[in-house]
Amino acid sequence: MVDDDYKFLQIRDAITSINQKVNLIGVIFEIGFPKQTKGTDCFCTLKIIDESRPKPGISVNFFAESMEMLPHVASAGDIIQLSHVVMKTHCGEVNAVFNKRFSSFALYEGNDVEDCFPYQVSSKFRPRDLDKTFIKGLRKWLVDFQLDEGLTKFLFLREIKQEERVNLICKIVHICEVAKDEWMAFLWDGTDAPPISLPTKLDDELNNLVPLQLEPVPLPRDVLCTFPTVGTVLRVIFDQGMQKHLLHFLHTGKWVKFLNILCEVHSGLWRGVLTPFTKLQYTPNEDHLVSAWQRLYNERLSLKWGRIPYSSFPWPSNITEVDYDNVPFVTLRDVLTYSEVTVKFKCVARVVAALPWQAEDFRTPLGTYRIRLTLEDPTARIHALLYGEDGEKFFGGYPSVDALTRKLNKLLGLTVSDNGKQINNAPRNPPWVQFCLKSYCLSKTEVWGSRHYRIFDTKVVE
């Protein structure tokens, strides 16, 4: 048992002191979020490291009477000082247990600053003059510390799968309140999330319009223009009751390592969920994995075809032809955020919805084509109008209803039987095809949301 409060054990030595009270000081490597136990206590887990055991460190389990009494860590990489925690074993692993009756803690900033005052202390914490020496020593070690990820596997967004929990390294590009007391984070790593299989029943579009985004209203233009124009931005929501414990950890512009994010599909769009099982891991500014992610993104942009969807490589399908072979491809987010209004673009996208969806309704009573297609790529969804002579070129004149239906089925990725009938409940995977788009505004003075898009100089090839 440790009687001298000035005596701190290194983690390497503490793990041999089973059932004893020890004093520890370490860098917070991993943050677990507070939760309620089955009893009356609140609980959270932190993983700490020091020079003696930078891998895998040791977990510290905290129990307190309320959430407010648990450590409120400002950032992974901060320092925690622990007094009279008890070393225990559970399922073959050693951990430290913070007992609310006799243990104490203090939290300090982890960066290399002169200030050695804690930003949070527990009720039983008593400061001592030598604390500063230990804090400064850990900060100095942390400056040159090279993180070893061990067996932890981090995926790219392009590797995520539906209903799986994954570890991600992402940059936080935006955080906002999308509805009253409902917040959303927007994460990006430079890669394209995989395309999603869509419902087969097209008539659902009449009653349940395919949304362009998961948030109730589009983001303001000045915000959207700060997003990278290549690579998926993953919308991430907070599990019920989690957001007030998570928001202060997330800062726009910072790269963060997330452990155990739930990936799911909602309205045909990817979204992530931060749950009570999600953890945040220490991510230094010069993290080698972050550098690798950024290098791969820069290499992608340097490629001639770097702005076409990853899953369309080496080339999109030949279902459509466009008249602008020498014009570079752009993403749909490029289209949405372009500074000028009346501009022409060439994109690779999928047709995820059509309105009307029946070929016999494609033309007005006067014979004019008027169709709205919903296009998507890994960066965005937009509505694009096929009107008049552009529709005539797109469909190759005025073919029969059956011929129009076949063309639309190809674009929508519908599975049909030998007699041309749709096969219900078959997965629908629209192909990647080329489109020429032009933007325009109906009013003389553009306001955000008034910009529209038309398909032109594009033809479906049978």
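## Helix 9

The expected span of a helix is 1.5 Å times one less than its number of residues. In this predicted model, helix 9 covers residues 401-412, which makes 12 residues. From its first C-alpha to its last, helix 9 reaches 16 Å, close to the 16 Å expected. Just after helix 9 comes G413, with a positive phi of about 70°.

Which residues of helix 9 are buried? They are A403, L404, K407, L408, N409, L411 and L412. An α-helix has 3.6 residues a turn, so residues three or four places apart point the same way. The cover over the buried residues of helix 9 includes strand 15 (320-322), strand 16 (344-355) and strand 19 (433-441). It also includes helix 8 (389-395) and strand 21 (458-460).

## Two nonpolar cores

In soluble globular proteins, nonpolar side chains tend to be buried together. Here the largest nonpolar core has 70 residues. Those with the most contacts inside it are L24, I48, F62, I80, L82, L168 and L250. Strand 1 (residues 21-32) gives the most to this core, with 7 residues. Another core lies apart from it and has 58 residues. Among them are L336, Y369, L412 and L437.

L250 deserves its own entry. Leaving out residues up to four places away in sequence, L250 touches I172, I175, A185, F238, F258, L274 and L280.

## Strand 13 and its partners

Strand 13 (residues 269-274) is mostly covered, with 6 of its 6 residues buried. Both faces are covered. On one side sit L269, R271 and V273; on the other, W270, G272 and L274.

Strand 11 and strand 13 run parallel, joined by 4 bridges. Strand 12 (residues 255-266) and strand 13 run antiparallel, joined by 5 bridges. In that second pairing, L262 stands opposite V273. The hairpin of strand 12 and strand 13 has 2 residues between the strands. In this hairpin, S267 takes a positive phi near 55°.

## R235 in strand 11

R235 lies in strand 11 (residues 233-238) and stands opposite R271 in strand 13. Is R235 buried or exposed? R235 has 15% relative accessibility, so it counts as buried, the cut-off being under 20%.

The side chains of R235 and E215 share a polar contact of 2.9 Å. E215 is also among the contacts of R235 beyond four places in sequence. The others are M184, A185, F186, Q213, L214, W270, R271 and G272.

## L219 in a loop

L219 is found in the loop between helix 3 (204-207) and helix 4 (221-224). Its relative accessible area is 7%, so L219 is buried. Along the chain, L219 and V178 are 41 residues apart. Their C-alpha atoms are separated by 9.0 Å.

## Cysteines

How many disulfides does the structure hold? It holds 0. Why is C436 not bonded to C347? The closest cysteine sulfur to that of C436 is in C347, at 8.5 Å, which is too far for a bond. A disulfide needs the two sulfur atoms within 2.5 Å. C441 is in no disulfide either. For C441, the nearest cysteine sulfur is that of C225, 15 Å away.

C436 is buried, with a relative accessible area of 1%.

Notes: Residues are numbered from 1 along each chain as its sequence is written. This is a predicted model: local features need pLDDT of at least 70, side-chain atom pairs count only at pLDDT 80 or more; totals for chains, interfaces and linings use all residues. Side-chain values use heavy atoms; hydrogens and water are left out. Buried means under 20% relative accessible area, exposed over 50%, partly exposed in between (1.4 Å probe, protein chains only). A polar contact is a pair of N or O atoms within 3.5 Å; within protein, one must be able to donate a hydrogen and the other to accept it, and residues adjacent in sequence count only if both atoms are side-chain atoms. Contact means heavy atoms within 4.5 Å. A nonpolar core is a set of buried Ala, Val, Leu, Ile, Met, Phe, Trp, Tyr and Cys residues joined through side-chain atoms within 4.5 Å. Two strands pair if DSSP finds at least two bridges between them.
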